[in-house]
Amino acid sequence: MSAIILDGTKIAHEIRGEAAAEARTMAAAGVRPGLAVVLVGHNPASEIYVRGKVKACEEVGVYSEKLTPPESVSTVELLAVIEDLNRRDDIDGILVQLPLPPQVDSKKVLLAVDPAKDVDGFHPMNVGFLSTQRPGLVPCTPAGVIEILKRSNIPIAGREAVVVGRSDIVGKPAAMLLLNANATVTVCHSKTHDLPVVCRRADILVAAIGRAGMITRDYVKPGAAVIDVGMNTVTDAVEFQRFFAGNAKREETFDKKGSTLIGDVHPEVAEVAGAITPVPGGVGPLTIAMLMFNTVKAAKMRRGSREAVLSH
Ligand code: NAP
């Protein structure tokens with residue numbers, strides 16, 4: 001048996017289309033949702049992510065503004081930038097690209113973002129809204145995980161869900177969203193005993209670990225839906241062979257670029273699972289799509305749209 005491949009690129013495209021339609025409706029009423037992205041210094045990976053976010057804004061019809069304080073910025077200076085964005089009416093979403101330089105108190109900066117503009121959903125107030133099922137802004141990657149399941153007609157209510165990883169940005173909110181959707185949820189981490197046994201209970205297995213191909217077929221109940229959040233780069237030829245031997249397309253990419261992307265789930269799992277997200281092209285594209293969704297939602301919520309509140 002071979003798993004159904006859950007096409008994240010297609011689902012993300014749908015969501016971006018829906019956000020664009022909402023943005024057009026708002027524009028007709030004289031409102032253009034706006035996103036400010038704060039990018040400190042010159043981290044090459046962060047610059048790529050921010051470029052992708054700004055491009056998505058252009059496509060969806062969201063106004064975007066990139067602020068680029070220098071690498072040497074202090075906590076106080078960054079707080080002043082955030083305060084200014086909090087006050088501006090044309091800015092609905094504020095995204096502080098992480099990581100911040102070591103001299104900056106990241107927690108203090110994230111706490112300063114107005115929760116109504118916190119499109120990353122990291123502010124403790126939004127974390128509280130999520131856990132108490134009140135309308136708020138939900139972290140983009142976990143929200144994307146749920147969208148993949150829902151839009152692929154994979155039932156959640158009453159099923160066993162196991163989330164491997166308990167980070168504040170992925171594992172915990174993913175677990176909370178699954179619980180809110182009435183799954184029976186187990187959260188695993190590096191201290192969990194007999195991880196393969198626990199994972200094999202899952203009808204829905206979410207891997208958010210950050211370890212290349214760690215989830216092998218032994219961790220997966222036949223027929224389970226496996227959502228792979230992991231994004232790891234393989235550069236070692238031996239490791240590459242362990243995961244992708246005989247995969248001509250991957251070999252071509254690896255030979256050309258000297259690296260390839262792999263999730264936390266071993267490719268062999270596709271032989272056991274009922275459905276699986278690929279890497280790349282699975283959860284990854286959903287993250288930016290949900291950022292667009294959140295920006296439009298923040299714009300509506302800030303203007304008191306009842307519909308936005310109810311569609312949470
Ligand atoms: P993180 O903060 O490093 O958290 C990793 C979690 O995995 C921790 O809870 C850790 O447990 C757990 N873990 C580590 N080794 C383990 C092991 N051997 N057995 C069981 N659990 C283990 O990572 P993250 O930010 O959540 O990201 C997870 C992955 O998702 C990364 O590959 C990241 O690149 C990817 N990611 C992708 C997107 C996207 O857009 N697709 C977005 C965000 C993140 P402890 O808590 O006990 O240390």
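**Notebook: sheet, helices and backbone exceptions**

I began with strand 4, where Gly93 and Leu95 point one way and Ile94 and Val96 the other, and I recorded all of them as buried. I note here that the model is predicted.

**Entry 1. The sheet around strand 4.** I looked up the sheet and found it open, with 3 strands in the order 3-2-4 and parallel pairing. Strand 3 (63-67) and strand 4 (93-96) are its edge strands, each pairing on one side only. From one strand to the next, I recorded an average twist of 15 degrees.

I then went through the pairings. Strand 2 (residues 34-38) runs parallel to strand 3 and is joined to it by 5 bridges. In this pairing I found Leu35 opposite Ser64. With strand 4, strand 2 pairs in the parallel sense over 4 bridges, and Val38 stands opposite Val96.

**Entry 2. Helices on the sheet.** Which strands does helix 3 lie across? I recorded strand 2, strand 3 and strand 4 for helix 3 (residues 75-87), which runs at about 180 degrees to strand 2. Helix 2 (residues 44-60) also packs on the sheet, touching strand 2, strand 3 and strand 4. The direction of helix 2 makes about 155 degrees with that of strand 3.

**Entry 3. Asp92.** I located Asp92 in the loop between helix 3 and strand 4. Is Asp92 buried or exposed? Its relative accessibility is 0%, so I entered Asp92 as buried. The side chain of Asp92 makes a polar contact with that of Arg302, at 2.5 Å. Leaving aside neighbours within four places in sequence, I listed its contacts, among them Arg32, Pro33, Gly34, Ala116, Lys117, Thr295 and Arg303. I also looked up Leu39, 53 residues from Asp92 along the chain, and found their C-alpha atoms separated by 17 Å.

**Entry 4. Helix 6.** I turned to helix 6 (residues 140-151), which has 12 residues. From its first C-alpha to its last, the helix reaches 16 Å, close to the 16 Å expected at 1.5 Å a residue. How many of its residues are buried? I recorded 10 of the 12, so that the helix is mostly covered. The buried residues of helix 6 include Cys140, Pro142, Val145, Glu147 and Leu149. They pack against helix 1 (8-28), helix 7 (171-180), strand 7 (204-207), strand 8 (225-228) and helix 11 (284-302).

**Entry 5. Aromatic pairs.** I looked up ring pairs and found 3 in the structure. The ring centres of Phe240 and Phe244 are 5.4 Å apart and the planes are at 40 degrees, so I entered this pair as tilted. These two residues are 4 apart in helix 9 (residues 237-244), which means a separation of about one helical turn. An α-helix has 3.6 residues a turn, so residues three or four places apart point the same way. Phe240 and Phe244 are buried.

For Phe240 and Phe254, I recorded centres 4.1 Å apart and planes at 15 degrees; under 30 degrees counts as stacked, and therefore this pair is stacked. The pair links distant parts of the chain, with Phe240 in helix 9 and Phe254 in helix 10 (residues 248-257), 14 residues apart. Phe254 is buried, as is Phe240. I entered Phe240, Phe243, Phe244 and Phe254 as one aromatic cluster.

**Entry 6. Ser259.** I found Ser259 in the loop between helix 10 and strand 10 (260-262). Its relative accessibility is 17%, and because buried means under 20%, Ser259 counts as buried. Beyond neighbours within four places in sequence, I listed its contacts with Thr233, Val234, Thr235, Thr253 and Phe254.

**Entry 7. Backbone exceptions.** Most residues other than glycine have a negative phi, and most peptide bonds are trans. I looked for departures from both.

Which sense has the peptide bond from Leu98 to Pro99, cis or trans? I recorded it as cis, with omega near 0 degrees; Pro99 is in the loop between strand 4 and helix 4 (106-112). The bond from Val279 to Pro280 is also cis, with omega near 0 degrees, and Pro280 lies in the loop between strand 11 (275-276) and helix 11.

Asn153 is not a glycine, yet I found a positive phi of about 55 degrees. Asn153 is in the loop between helix 6 and strand 5 (160-164) and is exposed, with a relative accessible area of 68%. For Asp194 I recorded a positive phi near 50 degrees. Asp194 lies in the loop between strand 6 (184-188) and helix 8 (195-199) and, at 56% relative accessibility, counts as exposed.

Note on methods: Residues are numbered from 1 along each chain as its sequence is written. This is a predicted model: local features need pLDDT of at least 70, side-chain atom pairs count only at pLDDT 80 or more; totals for chains, interfaces and linings use all residues. Side-chain values use heavy atoms; hydrogens and water are left out. Two strands pair if DSSP finds at least two bridges between them. Axes are lines fitted to C-alpha atoms, for helices over the stretch in contact, and angles run from 0 to 180 degrees between N-to-C directions. Contact means heavy atoms within 4.5 Å. Buried means under 20% relative accessible area, exposed over 50%, partly exposed in between (1.4 Å probe, protein chains only). A polar contact is a pair of N or O atoms within 3.5 Å; within protein, one must be able to donate a hydrogen and the other to accept it, and residues adjacent in sequence count only if both atoms are side-chain atoms. The expected span of a helix is 1.5 Å times one less than its number of residues. Rings of Phe, Tyr and Trp (its six-membered ring) pair if their centres lie within 6.5 Å; planes under 30 degrees apart count as stacked, over 60 as edge-to-face and the rest as tilted.
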